[in-house]
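Here are some exercises to work through with the sequence and the structure side by side. Try each task before you read its solution.

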Amino acid sequence: MFERFTKAARATVKGAAAHAERGGAAVVTPEHFLLALLDREDTRAAAVLGRLCPPEHRPSLLAALSDARRRAGLSRADAEALAGLGIDVGAIVERVEETHGAGALAGDRKDAGWWSGRLTFSREAKTVLEKSLRVALARKDREIGDEHLLLALTALGGVVAEALADHGVTFASVDTALSSPAPL
């Protein structure tokens, strides 16, 4: 599948691995793909992100991702569903962090147990890669670009899609922006 990736898409995947490594994660996650996309310049995804989520909105996007990481990767929808069952995720996070330190529920740290030294992709990250192929095929594109990775991130739900949607970046808005005649 990687032979169908454009140079920009390959750079995004490498950038995601670099973000994971710098963050001390043992696996590459969809969040790392988004962070790598935010780093990119002069690509289709970078242009769309620049229009839909301008740089001045990025700190709140990154804060939303950080908050989700603190909640062990639970989306707000997950936390609300648990609240409906009488489980206060915020209270649990506070108690765990009192005992084990800030960010204790962030998970997948290299120092959390055995680690081979080689980054792998989480199940969710692999799903993003697979979905990017499906999106490219559905759009009748011959190659998988970083824009397909962005579309996949918005289409699959979860924390990254939720944070992006809160900032106006949805599958529909990205698809529209990619189809618009404005220069990318």
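The exercises below concern a predicted model, and each one comes with a worked solution.

**Exercise 1. The overall layout**

Task: Find how many helices and strands the protein chain has, and give their order from the N terminus.

Solution: Start with the count: the secondary structure comes to 10 helices and 2 strands. Next, read along the chain from the N terminus, where the elements run α-β-α-α-α-α-α-β-α-α-α-α. Then turn to burial: of the 184 residues, 39% count as buried. Finally, look at the contacts between residues at least 6 apart in sequence: 67% of them join residues at least 24 apart.

**Exercise 2. The two sides of H1**

Task: Work out how the buried residues of helix H1 are arranged around its axis, and what covers them.

Solution: Begin with the helix itself. H1 covers residues 7–22, which makes 16 residues. From first C-alpha to last, H1 reaches 22 Å, close to the 22 Å expected at 1.5 Å a residue.

Now list the buried residues of H1: Ala-8, Ala-9, Thr-12, Val-13, Ala-16, His-19 and Ala-20. Looking down the axis of H1, you will find them within an arc of 145°, so they line one face of the helix. Turned away from that buried side is a face carrying the exposed residues Lys-7, Lys-14, Glu-21 and Arg-22.

For the cover, look at the elements around the buried residues of H1: they include strands S1 (27–28) and S2 (120–121), along with helices H2 (30–39), H7 (123–138) and H8 (146–155). After H1 comes Gly-24, with a positive phi near 80°.

**Exercise 3. A closer look at Ala-16**

Task: Decide whether Ala-16 is buried or exposed, and find its contacts beyond four places in sequence.

Solution: First place the residue: Ala-16 belongs to helix H1. Its relative accessibility is 0%, so Ala-16 counts as buried. Leaving aside neighbours within four places in sequence, Ala-16 is in contact with Val-28, His-32, Phe-33 and Ala-36. Take Phe-33 from that list: Ala-16 and Phe-33 are 17 residues apart along the chain, yet 4.8 Å separates their C-alpha atoms.

**Exercise 4. Just before H1**

Task: Determine which residues Thr-6 touches, leaving aside its neighbours within four places in sequence.

Solution: Thr-6 sits in the segment before H1. Its relative accessible area is 18%, and because buried means under 20%, Thr-6 is buried. With sequence neighbours within four places set aside, its contacts are Glu-143, Ile-144, Gly-145 and Asp-146.

**Exercise 5. Two helices that cross**

Task: Describe how helices H3 and H10 pack.

Solution: Two numbers are needed here, since packed helices are described by the angle between their axes and the distance between the axes. H3 (residues 44–52) and H10 (residues 171–179) pack at about 115°, with 10 Å between their axes. The crossing of H3 and H10 is right-handed. On the H3 side, the contact is made by Arg-44, Val-48, Arg-51 and Leu-52, and on the H10 side by Ser-173, Val-174, Ala-177 and Leu-178. Sorted by type, the residues of this contact are 5 nonpolar, 1 polar and 2 charged.

**Exercise 6. Positive phi in two loops**

Task: Find where Asp-42 and Lys-140 lie, and say whether each is buried or exposed.

Solution: Asp-42 has a positive phi, near 60°, although it is a residue other than glycine. Asp-42 lies in the loop between H2 and H3, and at 80% relative accessibility it counts as exposed. Lys-140, also not a glycine, has a positive phi near 60°. The loop between H7 and H8 holds Lys-140, which is exposed with a relative accessible area of 73%.

Key: Residues are numbered from 1 along each chain as its sequence is written. This is a predicted model: local features need pLDDT of at least 70, side-chain atom pairs count only at pLDDT 80 or more; totals for chains, interfaces and linings use all residues. Side-chain values use heavy atoms; hydrogens and water are left out. Helices (H or I, at least four residues) and strands (E, at least two) are DSSP runs, numbered from the N terminus. The expected span of a helix is 1.5 Å times one less than its number of residues. Buried means under 20% relative accessible area, exposed over 50%, partly exposed in between (1.4 Å probe, protein chains only). The arc is that of the directions from the helix axis to the C-beta atoms. Contact means heavy atoms within 4.5 Å. Axes are lines fitted to C-alpha atoms, for helices over the stretch in contact, and angles run from 0 to 180 degrees between N-to-C directions. A crossing is left-handed if the near helix is turned anticlockwise from the far one by less than a right angle, and right-handed if clockwise. Ala, Val, Leu, Ile, Met, Phe, Trp, Tyr, Cys and Pro count as nonpolar, Asp, Glu, Lys and Arg as charged, and the others, Gly among them, as polar.
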